[in-house]
Amino acid sequence: MKRVIKAAALAVTGALALTACASADGGSGSGSDDGERVNIVGFAVPEAGNKAAAAEFAKTEAGKDVTFSGSYGASGDQSRKVVDTKGKDVDYVVFSLEPDLTRLVDAGLVADDWNAGPTQGIVSSSVAVIATEAGNPLGIEDWDDLTRDDVKIVTPDPASSGSAKWNILALYTYAKQNGATEEEADAFLKKVFANVTTWAASGREATEAFKKGVGNVLLTYENEAILAKQNGEDLDYIVPDHTFLIENPGAVLKDASPVARDWLDFILSDAGQTAFVSKGFRPVGDLDISGIEVEGANDPADPFPTPTSLSTAADLGGWSAINAEWFGKDGEKLRFDQLYAEATKQ
Amino acid sequence: MADTRQIRARKGPVTYLLRAFVIAYLAVLVIWPLFEVAQQTFAPADVGDEGGVGAFWERLSDPSVTYAFNLTVTVAFWAVLINTLFGVGISLLLVRYQFPGRRILSVLVDLPMSVSPVVVGLALVLAYSTGKGWFGEALASVGFYVIGTTPGLIMATAFVSLPLVIREIVPVLEEIGADAEMAAHSLGANGWQTFRRITLPSIKWAVVYGVVLSMARSLGEFGAVKIVSPGAEFRGETATLLIQNRYTNYEEPTAYAAAFVLVLASVLALVVVSLIRKEDHS
Amino acid sequence: MTDTLVAPSGPARTTSRPGGLFRLTPTSGVGLGVALVWFSVLVLLPLAAVVGAAADGGFDRFWSTLADAQTFAALRLTVVEALLVTAVNAVIGTIVAWVLVRDQFPGKRILDVVIDIPFALPTIVAGLVLLSLWGPESPMGINIVNTRQGIFLALLFVTLPFVVRTVQPVLIELDADVEEAAASLGASRVTTFRRIILPSLVPAIAAGSSLGFARAISEFGSLVLISGNTPYETEVASLKILKFLEGDNQAGAAAVAVLLLVVAIVTIVILDLISRRVARRG
């Protein structure tokens with residue numbers, strides 16, 4: 001018995017060690033066989049769109065045998081990681097917010113003229129929406145309803161998530177649209193913040209929390225809500241009459257492989273945008289989407305209703321102005337942080 | 001073991017009550033959840049889909065999943081190798097040699113066990129990231145990157161499992177004493193001979209436990225790796241990161257399949273350790 | 001020898017002798033040098049970088065981060081939950097150890113292995129395992145996601161082995177004759193337990209509890225999928241660090257991390273003191 005056990009123990013240990021040795025050589029390269037690879041770093045939600053576009057890209061001349069590797073997470077965090085590693089092994093980036101991309105420009109990783117193209121560097125767009133439990137049991141219709149006592153909101157945290165900032169600007173511009181003064185807008189935001197039950201790290205993690213039954217209202221991107229429905233999640237979403245246009249910038253790094261540039265060109269082409277539309281993004285550029293059915297949308301044949309009024313980041317003076325007023329860095333408390341602190345104070 | 005005592009123990013109602021309580025507690029806290037995971041792993045993803053072992057294999061043979069497991073095993077292998085060499089060396093030094101600072105060092109080597117994995121990741125980033133780390137720029141200028149690369153993953157993993165080997169060897173070294181080593185020494189054996197012929201055989205099993213424990217810990221490291229790794233498919237996504245990514249990305253079946261493999265690996269490690277413990281005692 | 005698997009059989013440091021036996025030879029001196037360099041690169045420098053980053057903004061900045069209402073609430077929740085879990089473990093862990101040592105029933109060996117599973121299981125898998133039973137698709141209709149009960153349960157799961165594994169070996173060593181003598185002199189079972197058994201177990205329970213406490217304070221992986229990160233409600237220290245880091249507030253992350261480091265150091269110092277006291281007595 002003694003010998004048997006001893007032998008067995010040694011055999012298992014040896015086997016573990018051997019597997020390790022065998023894979024020690026292949027560890028780094030086994031993902032890419034022969035074709036070129038585009039390494040993507042992105043914010044939390046465009047993975048499905050990129051995958052759909054990549055499948056179409058593979059059918060083109062430039063995209064044959066190209067493989068992809070994507071890292072997706074909270075926009076600000078992803079941007080910081082790229083800078084912290086000097087863009088090593090990163091070819092293409094797509095962020096929720098412009099400042100996350102300009103950080104790379106400042107670090108010298110992305111060319112200054114990244115936004116010189118016809119879409120000003122924007123690769124995908126969407127709008128801020130309100131998602132509810134299936135059937136909308138609370139009867140939520142507009143941003144106003146979010147101040148109700150029975151509402152428990154799940155939203156990403158602006159500290160790390162770009163999505164969160166879009167949502168908050170949607171709320172703010174809604175209040176202003178209805179003639180609120182700055183003080184009244186602040187009061188409105190505070191009332192909504194007081195109803196937030198979860199501040200998730202990223203847009204995707206917010207969806208995840210909502211799926212797990214936390215809260216009864218989710219503030220999110222339209223495409224994220226459509227994607228969730230495509231994946232069979234039980235939720236509904238409302239595109240409010242007034243909302244905010246979400247524009248996600250993307251760029252190729254200076255020393256990326258040339259195929260990454262082909263990839264970016266493809267994303268902006270009609271075929272690329274069609275792939276994004278199929279995953280719930282609104283098209284950038286002048287793609288005609290009549291005839292494209294978007295599964296998961298409220299009306300698949302007319303997936304993207306035009307809101308009566310749509311605010312944009314440019315309306316508020318652009319992202320540097322917005323960040324300087326609202327969202328502090330490094331623990332600095334600006335307008336949002338103060339409202340948030342007051343609203344959640346206990 | 002303590003068989004005679006157990007026979008002598010009085011078996012009143014309290015004994016049975018406690019036994020029932022412990023079984024129920026462990027069943028609810030550990031066994032039942034594990035059973036649920038196994039069930040989820042082999043359940044069909046959708047109504048009408050194929051479930052069972054076939055689907056399980058299919059999910060695991062996806063290239064990104066095999067890459068993740070490959071990377072995990074590679075990282076664990078190097079981390080364990082480094083920890084074993086370091087652990088044996090430092091244990092010998094701590095137990096057998098006199099040097100200033102020995103006590104402080106013996107306390108410090110225990111530290112990594114109690115440090116939060118998130119803090120480990122943060123510490124490595126603050127020391128070695130190219131952007132803000134203390135030494136990142138210097139290392140980058142010679143073309144060496146720690147954060148976002150496999151060496152970084154190995155360092156994070158080695159950090160968290162550092163004391164496991166030492167903890168096993170030190171008590172054994174203390175127990176056996178240095179008499180045999182001194183005798184060998186006085187008979188003219190050199191350091192290496194003494195180590196190989198005298199010390200190593202007596203600490204052999206302690207080293208094996210340490211290795212198996214470190215292996216189990218390394219395969220499953222999550223927090224520190226999450227912060228250090230780029231976490232992309234085919235690029236730094238280890239098995240544990242894959243589980244989180246897939247779970248949050250509408251691919252729960254794959255997450256459960258990968259989790260099940262890690263459950264099996266850790267149970268296997270436990271059984272191996274439990275067997276060699278028994279062996280060592282007899 | 002102890003039967004301990006994961007919870008260390010007492011800290012991995014030398015308690016039996018005041019100093020090592022040998023003076024450093026040139027070879028062992030080089031070995032020590034290499035070991036120290038590696039230990040510094042891997043552990044000491046990164047941890048120093050954390051302290052450095054926390055100190056960067058000056059003491060005021062450090063203090064204002066920790067005194068921020070939300071951060072403070074997260075720290076308080078972490079400590080309170082960890083204390084609760086530690087208290088529960090001190091009682092239940094001792095009972096489990098008692099049953100595993102003194103009782104005899106079929107399947108006991110399996111339970112003995114089950115105890116270690118929570119430690120050997122990757123933390124992210126532990127979270128997934130708990131969610132499969134207590135999550136949104138719970139067969140019992142209980143959803144612990146984003147509740148304090150969920151955090152409590154996760155911490156209870158991951159800290160299960162610590163007290164059990166430190167108390168178990170002491171119980172095995174404990175001489176049953178003394179208990180029988182006490183019983184034959186007319187002491188009731190309660191008295192025997194309180195006067196004879198408990199005092200000898202206290203150091204082990206304390207050691208196991210402090211290990212469990214340190215683990216609970218720093219736990220990350222199993223909470224990622226369970227805690228909803230709601231400020232004031234379910235946000236714990238390790239997740240707060242991640243949030244700070246993701247929000248590009250490294251000084252904030254470092255400040256909380258330093259606090260966790262201090263807890264870790266205090267814990268190992270307490271363990272050191274306990275083991276010294278026990279060593280002196282024995």
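## Two crossing helices in chain C

Let's start with a pair of helices: H3(C) and H9(C) make a right-handed crossing. A crossing counts as right-handed if the near helix is turned clockwise from the far one by less than a right angle, and left-handed if anticlockwise. H3(C) covers residues 69-102 and H9(C) covers residues 189-218; their axes come within 9 Å and cross at roughly 145 degrees. Those axes are lines fitted to C-alpha atoms over the stretch in contact, and the angles run from 0 to 180 degrees between N-to-C directions. On the H3(C) side, the contact includes Thr78(C), Glu81(C), Val85(C) and Gly93(C), while H9(C) brings residues including Leu201(C), Gly208(C), Phe213(C) and Ile217(C). Sorted by class, the residues of this contact come out as eight nonpolar, eight polar and one charged.

A few terms will keep coming back. Two residues are in contact if their C-beta atoms, placed from the backbone, lie within 7 Å. Ala, Val, Leu, Ile, Met, Phe, Trp, Tyr, Cys and Pro count as nonpolar, Asp, Glu, Lys and Arg as charged, and the others, Gly among them, as polar. Helices (H or I, at least four residues) and strands (E, at least two) are DSSP runs, numbered from the N terminus.

## What you're looking at

This is a predicted model, where local features need pLDDT of at least 70 and side-chain atom pairs count only at pLDDT 80 or more, while totals for chains, interfaces and linings use all residues. Residues are numbered from 1 along each chain as its sequence is written, and chains are lettered from A and ligands numbered from 1 in the order in which they are written.

## Chain C as a whole

Chain C has 12 helices and one strand, and the strand comes at the start of the pattern, β-α-α-α-α-α-α-α-α-α-α-α-α. Its C-alpha trace spans about 65 × 65 × 30 Å along the principal axes. Of its 282 residues, 51% are buried (20 or more other C-beta atoms within 10 Å of the residue's own, with C-beta atoms placed from the backbone). If you take the contacts in chain C between residues at least 6 apart in sequence, 80% of them join residues at least 24 apart.

Chain C splits into domain 1 (25-56) and domain 2 (58-281), with bounds that come from an automatic or database domain assignment. The centres of these two domains, taken over C-alpha atoms, are 29 Å apart. Seven residues of domain 1 of chain C touch eight residues of domain 2 of chain C. The domain 1 side of that contact has six nonpolar, no polar and one charged residues.

## Where chains B and C meet

The contact between these chains takes 82 residues from chain C and 86 from chain B. On the chain C side, helix H1 (residues 26-56) gives the most, with 14 residues. By class, that side has 59 nonpolar, 16 polar and seven charged residues.

There's strand pairing across the chains too: strand S1 (residues 97-98) of chain B runs parallel to strand S1 (residues 22-23) of chain C, joined by two bridges. Strands count as paired if DSSP finds at least two bridges between them. Gln98(B) has Arg23(C) as its bridge partner.

## A helix pair in chain B

Over in chain B, helix H11 (residues 179-186) packs against helix H12 (residues 191-219) at an angle of about 145 degrees, with their axes 10 Å apart. This crossing is right-handed. Among the residues making the contact are Ala180(B) and His185(B) of H11(B), along with Arg197(B) and Ile198(B) of H12(B). The contact residues divide into three nonpolar, three polar and two charged.

## Chain A and its strand S9

Chain A divides into domain 1 (37-124 + 247-278) and domain 2 (126-246 + 305-344). Their C-alpha centres lie 25 Å apart, and the contact takes 18 residues from domain 1 and 20 from domain 2. Helix H3 (75-84), helix H4 (98-106) and strand S9 (242-252) of chain A each supply at least two residues of the domain 1 side. That side has eight nonpolar, six polar and four charged residues.

S9(A) is largely enclosed by the rest of the structure, because 11 of its 11 residues are buried. Strand S3 (residues 92-94) of chain A runs antiparallel to S9(A), over three bridges, with Val94(A) opposite Gly250(A). Strand S4 (residues 122-133) of chain A is also antiparallel to S9(A), over five bridges, and here Val127(A) has Leu245(A) as its bridge partner. Strand S10 (residues 309-311) of chain A pairs with S9(A) in the parallel sense over three bridges, with His242(A) opposite Ser309(A).

Note on methods
Buried ≥ 20, exposed ≤ 12 C-beta atoms within 10 Å, placed from the backbone.
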